[in-house]
Amino acid sequence: MSYACFIFMFCFVPSYQQFPRLCATREALRIKECCPSWEGDGSPCGASSGRGFCQDVEVPDQPDGPQYPFSGLDDREKWPLVFYNRTCQCAGNFMGFNCADCKFGYFGVNCNDRRESLRRNIFHLSRAERIRLMSYLNLAKQTISRDYVVATGTYQEMENGSNPMFADVSLYDVFVWMHYYVSRNALLGGPGNVWTDVDFAHWAPAFLPWHRLYLLHWEHEIRKLTGDMDFTIPYWDWRDAQGCDVCTDELMGARSSQDPSLLSPGSVFSSWKVLCSQAQNYNDRGVLCDAVEEGPLRRNPGNHNRNVVERLPTSADVEFTLSLTNYDTGAMDRGANMSFRNTLEGFGDPQTGLGNSSRMGMHAALHVFMNGSMSSVQGSANDPIFLLHHAFVDSIYEQWLRRHEPSPSQYPESDAPIGHNSEYHMVPFLPLYRNREFFISSKDLGYEYSYLLNAMTIAAAILTAKRRCGRSPWLHMSKWKNAFALSEKQPLIRSSDTEETKHRNYQTTI
C-alpha cells in the first residue's frame with residue numbers, strides 16, 4: 001500500500017528558486033534574463049504551449065519604512081533587478097522558473113487537478129515514517145543540488161556578471177544559504193562596514209508569508225529528490241514543553257555525553273557540517289558567506305541565557321497571540337505593539353502584546369532555547385529542528401488567518417521595512433512571488449494541519465483515501481482516529497460553531 005493511502009496526501013510537482021543553474025551563466029547575467037526553455041516544447045518559459053512568457057520584471061514603487069536609509073547598495077533591493085530584469089511569468093496554474101511546474105495545490109500534466117496534503121505531528125508518525133524522515137533529511141544533506149547554485153559574491157564582485165561567483169552545495173544547504181542570504185546584513189563597502197538593521201524575511205510583516213513559501217518549496221524539493229510525492233514536513237507542537245522532546249536519537253538527535261554542545265554519535269545529524277553560520281566574521285571582512293563547511297552542527301538546549309528567554313512558550317502564550325486582531329501595527333518592526341506578527345515572531349510580549357520586549361517569546365524563544373546553530377538568525381536553518389519548528393509556527397499563522405479572516409488590506413502596501421511591502425518580490429526566490437500572495441489560507445495553497453481538522457473533514461478525507469487506495473485494512477475508522485489526534489492538544493480556532501531590544505540575533509551562550 002502506498003504512503004499516499006496512509007494519510008491521503010497528494011502529488012505536487014517540484015518548483016524552483018534561486019539561483020537556477022541555467023540562469024547563473026555569464027550570458028544570462030550579461031543580458032539580465034532568466035527565461036530557460038521548458039523541455040516539453042523547447043521554448044522559453046513554455047511559451048509555445050501557453051505555459052508562460054518571458055517578460056520584463058515589474059517592481060513596486062511604494063515607499064519603504066525608514067529602517068534602511070540607503071538605495072542602490074544591496075543586491076536584494078528591488079529584487080531581482082540587480083541580477084535579472086526579465087524572467088518567466090507563468091500563466092494559469094503553471095509555476096516554476098521555466099513554467100514547467102504546477103502552482104501549490106495543483107498537479108497533473110496540465111495542472112488542472114486540485115489536491116491537498118497533510119502536515120502531521122512528528123510524534124504521530126509511525127517508526128517507519130520517522131526513519132524515512134531522517135533518511136530523507138540526510139539524503140538531502142549529502143546530495144549536491146542538481147538544479148541550483150548559490151551566490152558567493154555580490155553582483156559588483158562578479159564584475160556586473162562577467163565573472164560569475166557561484167558554488168555547488170547540497171540540496172539541504174541550498175535552503176540553509178537562502179535563509180542566510182535573505183537575513184544577512186547589508187554590505188556597505190569594505191571590512192566591517194555593514195548595516196545591521198535590515199532583514200528581508202524577519203522583524204517585519206513578511207516574516208510569516210516568507211517562511212510559508214520557504215517550507216512549501218522545501219517539501220517540493222524533497223519530493224523531487226526522493227520520488228516520494230506524498231512527503232510533507234511534520235511539525236513539533238512545543239506548547240507547554242518542558243524541554244526539547246524531539247532531541248532524541250530516534251528523531252532530531254540527543255545530546256552528546258562527551259560535549260553537551262554537540263549531538264550524540266547515535267544520531268545521523270552528528271556528522272552534519274554547517275555553513276553560513278559566522279555572521280560576525282563575514283561582517284568583519286565585508287564579504288558574503290563562501291558556502292564552505294564551518295564545523296559541526298551544535299545544540300545545547302536549555303542551557304541558554306535565561307535573561308533572554310525564561311521558558312518555552314505555553315498554550316496561554318499562543319492563545320493570547322491568536323487573540324490579537326491586527327496583523328501588524330505602527331512601524332511594523334520589532335517595536336510593534338499589539339501586533340500578531342510581532343508577538344508570534346517573538347519580539348512582542350506574549351502576555352501584554354507590547355513590542356521591544358526585554359525577553360523573547362514564541363517563535364524566537366525556541367531559537368534561543370536551542371542554544372547553538374539554531375540561535376543565529378542567519379545560520380539557524382542548519383539545524384533540521386528549524387523545519388519542525390517553523391511548520392508549527394506556520395500552523396499558528398494559519399489559525400490566526402482562519403479565526404480573524406483578515407482582508408487583504410491588512411497586509412501593508414507601503415511603509416513597511418524594506419522587502420516587506422505587499423508587492424515586494426520575496427528575496428531570493430526565482431520564480432518571483434510577492435509577499436501578499438502568501439497572506440492566504442494554507443488550504444488555498446494545497447495543504448492542511450492534522451490538528452486543525454474537524455470530524456467532518458476527517459470523514460471526507462477517509463472517503464477520498466478509500467476511493468484512491470481501495471479496501472485497505474489500514475483505513476478502519478479506529479486506526480484513522482489514532483493517526484490524527486488522540487494525544488493532540490486541541491486547536492485554538494474559534495468559529496460560530498464552536499526601548500528597542502538589542503537582539504540582532506537569537507542569543508546563545510555556547
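1. Helices here are DSSP runs of H or I with at least four residues, strands are runs of E with at least two, and both are numbered from the N terminus. The expected span of a helix is 1.5 Å times one less than its number of residues. For α10 (385-404), whose 20 residues should span 28 Å by this rule, the end C-alpha atoms lie 29 Å apart, which agrees. Helix α3 (residues 127-142) can be checked in this way too: its 16 residues should span 22 Å, and 23 Å separates its end C-alpha atoms, again in agreement.

2. The model is predicted, so that local features need a pLDDT of at least 70 and side-chain atom pairs count only at pLDDT 80 or more, whereas totals for chains, interfaces and linings use all residues. Residues are numbered from 1 along each chain as its sequence is written, and side-chain values use heavy atoms, with hydrogens and water left out. The pLDDT is the predictor's confidence in each residue, from 0 to 100; the chain averages 89, and 85% of the residues score at least 70. Some caution is due over residues 469-488, where pLDDT stays under 50 although the model has 39 contacts there beyond four places in sequence, a contact being heavy atoms within 4.5 Å. Over residues 490-503 the pLDDT is likewise below 50, with 26 contacts in the model beyond near neighbours in sequence.

3. Burial is judged by relative accessible area, with buried meaning under 20%, exposed over 50% and partly exposed in between (1.4 Å probe, protein chains only). By this standard 19 of the 20 residues of α10 are buried, so this helix is largely enclosed by the rest of the structure. After α10 comes E405, which has a positive phi, near 45°. In α3 the buried residues include E129, R130, K141 and L133.

4. Which residues of helix α7 (residues 315-323) are buried? They are D317, V318, T321 and L322. These residues cover an arc of only 130° around the axis, which puts them on the same side of α7; the arc is that of the directions from the helix axis to the C-beta atoms. The buried residues of α7 pack against α8 (340-345), α9 (362-370) and α10.

5. D328 is found in the loop between α7 and α8 and, at 12% relative accessibility, counts as buried. Its side chain is joined to that of R341 by a polar contact of 2.9 Å, where a polar contact is a pair of N or O atoms within 3.5 Å; within protein, one must be able to donate a hydrogen and the other to accept it, and residues adjacent in sequence count only if both atoms are side-chain atoms. Apart from neighbours within four places in sequence, D328 is in contact with A204, P205, A336, S339 and R341. H304, in the loop between α6 and α7, is buried at 7% relative accessibility, and a polar atom of the H304 side chain lies 3.0 Å from the backbone oxygen of V309.

6. Rings of Phe, Tyr and Trp (its six-membered ring) pair if their centres lie within 6.5 Å, and planes under 30 degrees apart count as stacked, over 60 as edge-to-face and the rest as tilted. By this rule the count comes to 39 aromatic pairs. The rings of F19 and Y84 have centres 6.4 Å apart and planes at 55°, so the pair is tilted. This pair links distant parts of the chain, 65 residues apart, with F19 in the loop between α1 (3-7) and α2 (26-31) and Y84 in the loop between β2 (52-56) and β3 (86-90). F19 has a relative accessible area of 0% and is buried, and Y84 also counts as buried at 0%. W238 and F392 form an edge-to-face pair, at 4.9 Å centre to centre with 80° between the planes. W238 lies in the loop between α5 (207-226) and α6 (279-285) and F392 in helix α10, so the pair ties together parts that are 154 residues apart in sequence.

7. Most residues other than glycine have a negative phi, and most peptide bonds are trans. K78, in the loop between β2 and β3, has a positive phi of about 50° although it is not a glycine, and at 44% relative accessibility K78 counts as partly exposed. The peptide bond from W79 to P80 is cis, with omega near 5°. N371, also not a glycine, has a positive phi of about 55°; N371 lies in the loop between α9 and α10 and is buried, with a relative accessible area of 1%.
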